[in-house]
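Biologist: Could you walk me through this model, one question at a time?

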Amino acid sequence: MLDFLGDLKRTHMCGALRASDAGKKAVLMGWVNRRRDLGNLIFVDVRDRSGVTQVVISEEANTAIHDKAELLRNEFVIAAVGTVKLRDSNTINKNIPTGEVELVADELRILNEAKHPPFLPSDTALANEEMRLKYRYIDLRRDAMQFNIELRHKVALAIRDYLASQGFFEIETPFMTRSTPEGARDYLVPSRVQPGTFYALPQSPQLFKQILMISGFDKYFQIVRCFRDEDLRADRQPEFTQIDLEMSYPQPERVWETVEGFLTAAFKAAGHQINAPFPRMDYDEAIRLYGIDKPDLRLPAFAEVRDCFAAPDLQTLAVHPDLPVIAIRIPKVGELSRKERDEIKPMFNSKGGARLFEDFKRIEKNFPEAAKKIQEKCAAAAEDLIVLVSGSAQSGTQDHPASKRKVTPQELAIYASAGLLRVALGQKYSARHGLFLRGDFRFLWVTNFPMFEYDEADKRWVAAHHPFTSPHDDDMDKLESDPAMVRALAYDVVLNGTELGSGSIRIHRQDIQRKIFHALGMTEEEAKSRFGFFLEALEYGTPPHGGIALGLDRIVMILAGAESLREVIPFPKTAAAKDLMVDAPTPVTDAQLRDLGIAVAKK
């Protein structure tokens with residue numbers, strides 16, 4: 001027989017009681033975490049989100065309560081009323097904060113019973129992920145998930161408080177808007193009252209936040225849900241949360257200071273001190289030093305070592321004489337076995353003619369002078385691993401629309417190949433040699449990205465960020481004559497090899513926005529069809545403005561030390577974009593489809 005809660009009120013959370021509470025009356029409510037029956041005494045660990053307290057039920061003191069306690073099973077919901085008592089010194093549990101006390105019950109209410117769950121929140125061995133996601137309400141009771149969701153709350157609250165203190169208004173933007181396909185695919189929502197038309201769920205509030213600047217709100221932010229219909233990875237979900245902000249009249253440095261301020265507050269809320277300002281690096285420099293535009297600064301930068309070889313040596317090695325030779329150094333790896341060296345080659349992914357010299361010992365043996373110079377240039381110690389990446393003698397240096405850039409497409413292929421291998425090697429040896437320590441946070445601003453990227457398939461230039469990014473003031477005259485050399489006033493904030501967020505100074509003049517659309521191959525009619533409302537808004541006194549959006553999920557994932565975004569999102573989707581708990585997506589009825597004027601085609 002289940003009991004009613006009635007007017008009984010909880011006095012303490014289950015993790016709140018301490019030795020100083022001894023002698024007090026207390027009412028605890030929560031789940032049965034564990035029950036131990038010793039005959040005349042029954043011990044029940046009662047759990048809520050704050051922790052666990054041991055409740056003692058004595059047959060001698062109250063037979064009726066003892067009989068009721070015998071009915072308890074894991075995950076029953078109960079209320080226990082009693083007196084807080086100090087435990088005997090030999091029974092203190094030092095593993096939990098409430099371990100010095102217990103509650104001696106004189107009343108017990110069974111508020112609800114529970115089926116035996118497929119796994120228990122107290123299990124030390126995790127159930128498989130599909131099981132965890134199907135029974136997410138059980139999974140979320142686990143200590144680790146409770147910690148992660150509380151951490152997410154603290155981080156979001158710290159960000160909100162900081163931005164509000166800096167004069168930002170939190171303003172909501174629509175979830176149902178128009179489709180402006182740019183990048184990932186939109187999630188479309190059919191309109192019943194306007195048959196044959198569709199809303200789109202926003203990939204970001206980009207245009208709305210720019211319109212808020214046109215509207216005079218000066219400083220906007222929002223912790224907002226966004227949607228992208230794209231393939232999933234460990235750090236990607238179809239619906240995600242971003243910290244979105246926009247400012248009027250800023251230089252990039254003003255945006256960076258704001259981001260550094262709220263990240264400092266967020267990391268402090270999670271118990272970490274970070275140092276600002278963050279270092280800054282041009283995109284070209286990031287590529288030359290790390291082979292990637294989101295470098296992990298916990299590993300050493302590349303060294304360019306072509307000049308360590310004599311010309312005949314390069315010819316002997318079949319290395320292209322005009323392309324870089326990159327030395328990757330991974331510290332403290334120590335002596336590798338032949339088997340371990342053989343494992344390096346499969347980790348290498350050649351991007352357009354790049355080749356690998358994974359066995360530096362052969363270089364030392366056959367080219368000792370070059371090897372010595374390389375070690376000096378890399379500042380390598382005896383226990384460090386060195387591998388070389390170069391362009392093969394057959395690598396082409398043919399003309400390319402972007403060939404005038406500081407980093408040519410042929411060089412980029414070598415740097416990118418080396419960059420991926422550098423990260424893979426660091427991850428492989430991190431646990432063994434402590435390369436990636438928990439709490440070692442290395443932030444970086446990457447700036448001055450190229451404005452355009454060349455699409456080989458379509459043979460045209462596309463926006464490297466998005467088409468509302470402003471070109472560098474000094475490069476305006478190159479928009480049509482030399483798009484490869486136009487730099488964007490764009491910037492990314494990076495942490496330990498993960499892009500946390502991307503932003504830019506925006507285009508606030510209609511004439512420049514039209515030029516950008518034209519440079520992207522967009523006709524006047526197409527631009528008006530897709531962005532006419534925005535182009536018109538730009539005609540009504542638009543102030544200079546800029547902003548950024550950071551992924552809240554990614555920030556919390558890093559702070560929690562989690563391997564996947566699904567560990568810090570309460571109700572995530574699987575890699576197949578399914579919600580196993582509610583079984584979504586699902587087919588809908590024919591009547592619903594008729595209302596919307598939609599027919600489903602069978603593939």
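The questions and answers below go from the whole chain to single residues.

Modeller: Before we start, this is a predicted model, in which local features need pLDDT of at least 70 and side-chain atom pairs count only at pLDDT 80 or more, while totals for chains, interfaces and linings use all residues. Residues are numbered from 1 along each chain as its sequence is written, and side-chain values use heavy atoms, with hydrogens and water left out.

Biologist: What percentage of the residues of the protein chain count as buried?

Modeller: Buried means under 20% relative accessible area, exposed over 50%, and partly exposed in between, with a 1.4 Å probe and protein chains only. The protein chain has 16 helices and 21 strands, where helices (H or I, at least four residues) and strands (E, at least two) are DSSP runs numbered from the N terminus. Its C-alpha atoms fill a box of roughly 95 × 70 × 55 Å along the principal axes. Of its 603 residues, the buried share is 48%.

Biologist: What share of the contacts with a separation of 6 or more comes from residues 24 or more positions apart?

Modeller: A contact here means heavy atoms within 4.5 Å. Among the contacts in the protein chain with a separation of 6 or more, residues 24 or more positions apart account for 69%.

Biologist: Which helix gives the largest share of the largest nonpolar core?

Modeller: A nonpolar core is a set of buried Ala, Val, Leu, Ile, Met, Phe, Trp, Tyr and Cys residues joined through side-chain atoms within 4.5 Å. The largest one has 48 residues, and those with the most contacts inside it are Ile328, Ile344, Leu385, Val389, Leu421 and Leu425. Six residues of this core, the largest share, come from residues 409-433, which form helix α12.

Biologist: How many residues are in the other core that lies apart from it?

Modeller: Leu151, Phe168, Ile555 and Leu559 are among its members. The count for this other core is 42 residues.

Biologist: Which residues of α12 does Val389 touch, besides its other partners?

Modeller: Leaving out residues up to four places away in sequence, the partners of Val389 include Pro324, Val325, Ile326, Ile328, Phe348 and Leu356. Helix α12 covers residues 409-433, and the partners of Val389 with numbers in that range are Ile414, Ala418 and Leu421.

Biologist: How far apart are the end C-alpha atoms of helix α6?

Modeller: The expected span of a helix is 1.5 Å times one less than its number of residues. For the 18 residues of α6 (252-269) that gives 26 Å, so the model agrees with the expectation. Buried residues of this helix include Trp256, Phe262, Leu263 and Phe267. The end C-alpha atoms are separated by 26 Å.

Biologist: Which residue in the loop after α6 follows a cis peptide bond?

Modeller: Helix α6 is followed by Gly271, whose phi is positive, near 90 degrees. The loop between α6 and β11 (280-282) also holds the proline of the cis bond. That bond has omega of about 5 degrees and joins Ala276 to Pro277.

Biologist: Is Asp583 buried, partly exposed or exposed?

Modeller: Asp583 is found in the loop between α15 and α16, and its phi is near 60 degrees, a positive value in a residue other than glycine. In the loop between α15 (552-560) and α16 (590-596) there is also Pro585, reached from Ala584 through a cis peptide bond with omega near 5 degrees. Because its relative accessible area is 46%, Asp583 counts as partly exposed.

Biologist: Which residue forms a salt bridge with Arg10?

Modeller: A salt bridge is a side-chain nitrogen of Lys or Arg within 4 Å of a carboxyl oxygen of Asp or Glu, and by this rule the count comes to 47. Arg10, in the segment before β1 (25-37), has its partner 38 residues away in strand β2 (residues 41-48). That partner is buried because its relative accessible area is 8%. At an N to O distance of 3.8 Å, it is Asp48.

Biologist: What is the N to O distance between Asp359 and Arg338?

Modeller: Asp359 sits in the loop between β14 (354-357) and α10 (360-366), and Arg338 in helix α9 (residues 338-342). Asp359 is buried because its relative accessible area is 10%, whereas Arg338, at 42%, is partly exposed. Their side chains meet in a salt bridge at 3.3 Å.
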